[in-house]
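Student: Could you take me on a close look at a single part of this protein, and then follow the links that lead away from that part? I would like one connected answer.

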Amino acid sequence: QLQLVESGGGLVQPGGSLRLSCAASGFTLDYYAIGWFRQAPGKEREGVSCISSSGGSTNYADSVKGRFTISRDNAKNTVYLQMNSLKPEDTAVYYCAADSDRLLFRLCVNPNSPIVLRSWGQGTQVTVSP
């Protein structure tokens, strides 16, 4: 069974940083693209950032470009999302997901399209507040 577990969320002040981790168990991340998505109460899901299986391609939402960085360490079977210069509007539950490059990036660009991905994590809360 493909399992993803997010960690690293928490409460941080505006301007602060957090690093989220997405660890895989039951499968090797090497062959999968990984994406970070977020959803705040009353808002639609947003594709935050995605990274291809090779790590050679990445995608970022306009709202996080220049502030967030996605990376992967296949030796640790983990994908990271470094979040800097956090803003209150970054407050949301953050989820990671895994699938093929094609499907994952399609959902990353159109996060509310009816695409069913192979695996989702349970989410980690990020709260940015003074």
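Tutor: Happy to! Let's start with Ser-21, which is buried because its relative accessible area is 15%, and the cut-off for buried is under 20%. Please keep in mind that this is a predicted model.

Ser-21 is found in strand S3, which covers residues 18–25. Leaving aside residues up to four places away in sequence, Ser-21 touches Val-5, Glu-6, Ser-7, Trp-36, Thr-78, Val-79 and Tyr-80. One of these contacts, Tyr-80, has a visitor on its ring: Arg-19 lies over the face of Tyr-80, at 4.2 Å from the ring centre.

Now let's move along to Cys-22. A disulfide joins Cys-22 to Cys-96, with 2.1 Å from S to S. This pair links distant parts of the chain, since Cys-22 belongs to strand S3 while Cys-96 is in strand S9 (residues 92–99), 74 residues apart. The link of Cys-22 and Cys-96 is right-handed, with 75° about the S-S bond. How accessible are its two ends? Cys-22 has a relative accessible area of 0%, so Cys-22 is buried, and Cys-96 also counts as buried, at 0% relative accessibility.

The count comes to two disulfides. The other link to look at joins Cys-50 to Cys-108, with an S to S distance of 2.2 Å. Here too distant parts of the chain are linked: Cys-50 is in strand S5 (residues 46–51) and Cys-108 in helix H1 (residues 101–109), 58 residues apart. The torsion about the S-S bond of Cys-50 and Cys-108 is about 110°, which is why this disulfide is called right-handed. Both Cys-50 and Cys-108 are buried. If you number the bonded cysteines of the protein chain in sequence order, the pairing reads 1-3, 2-4.

A good place to see cysteines of both links is around Gly-35, whose contacts include Cys-50 and Cys-96. Gly-35 is found in strand S4, and it counts as buried because its relative accessibility is 0%. Among the other residues that Gly-35 touches are Ser-49, Tyr-95, Ala-97 and Leu-104. Gly-35 and Ser-49 are 14 residues apart in sequence, yet their C-alpha atoms are 5.7 Å apart in space.

Stay on strand S4 and you come to Phe-37, which forms an aromatic pair with Trp-120. A pair of aromatic rings is described by the distance of the centres and the angle of the planes. For Phe-37 and Trp-120 these are 5.1 Å centre to centre and 55° between the planes, and the pair is tilted. Phe-37 in strand S4 and Trp-120 in strand S10 (residues 119–120) are 83 residues apart, so to speak distant parts of the chain that the pair links. Phe-37 is buried, with a relative accessible area of 0%, whereas Trp-120 is partly exposed at 30% relative accessibility. The ring of Phe-37 also has the charged end of Arg-45 sitting over it, 5.9 Å from its centre.

The structure holds two aromatic pairs. In the pair of Phe-27 and Tyr-32, the ring centres are 5.2 Å apart and the planes are at 85°, so this pair is edge-to-face. Both Phe-27 and Tyr-32 are buried.

One more stop on strand S4 is Arg-38. Side chains of opposite charge can pair when their charged atoms come close. The side chain of Arg-38 meets that of Asp-90 in a salt bridge, at 2.9 Å from N to O. Asp-90 is in the loop between strand S8 (78–83) and S9, and Arg-38 is in strand S4 (residues 33–39), so the pair links distant parts of the chain, 52 residues apart. Asp-90 is buried at 0% relative accessibility, and Arg-38 is buried at 6%.

Asp-90 has a salt bridge with Arg-67 as well, the closest N and O atoms being 2.7 Å apart. Arg-67 sits in the loop between strand S6 (58–60) and strand S7 (68–73), 23 residues apart from Asp-90. With 10% relative accessibility, Arg-67 counts as buried. Salt bridges that share partners join Arg-38, Glu-46, Arg-67 and Asp-90 into one network.

The count comes to four salt bridges. One of them is between Lys-65 and Asp-62, with the closest N and O atoms 3.1 Å apart. Lys-65 is partly exposed, at 49% relative accessibility, and Asp-62 is exposed, at 65%.

Definitions and conventions. Residues are numbered from 1 along each chain as its sequence is written. This is a predicted model: local features need pLDDT of at least 70, side-chain atom pairs count only at pLDDT 80 or more; totals for chains, interfaces and linings use all residues. Side-chain values use heavy atoms; hydrogens and water are left out. Helices (H or I, at least four residues) and strands (E, at least two) are DSSP runs, numbered from the N terminus. Buried means under 20% relative accessible area, exposed over 50%, partly exposed in between (1.4 Å probe, protein chains only). Contact means heavy atoms within 4.5 Å. A disulfide is a pair of cysteine sulfur atoms within 2.5 Å. Rings of Phe, Tyr and Trp (its six-membered ring) pair if their centres lie within 6.5 Å; planes under 30 degrees apart count as stacked, over 60 as edge-to-face and the rest as tilted. A charge sits over a ring if NZ of Lys or CZ of Arg is within 6 Å of the ring centre and within 35 degrees of the ring normal.
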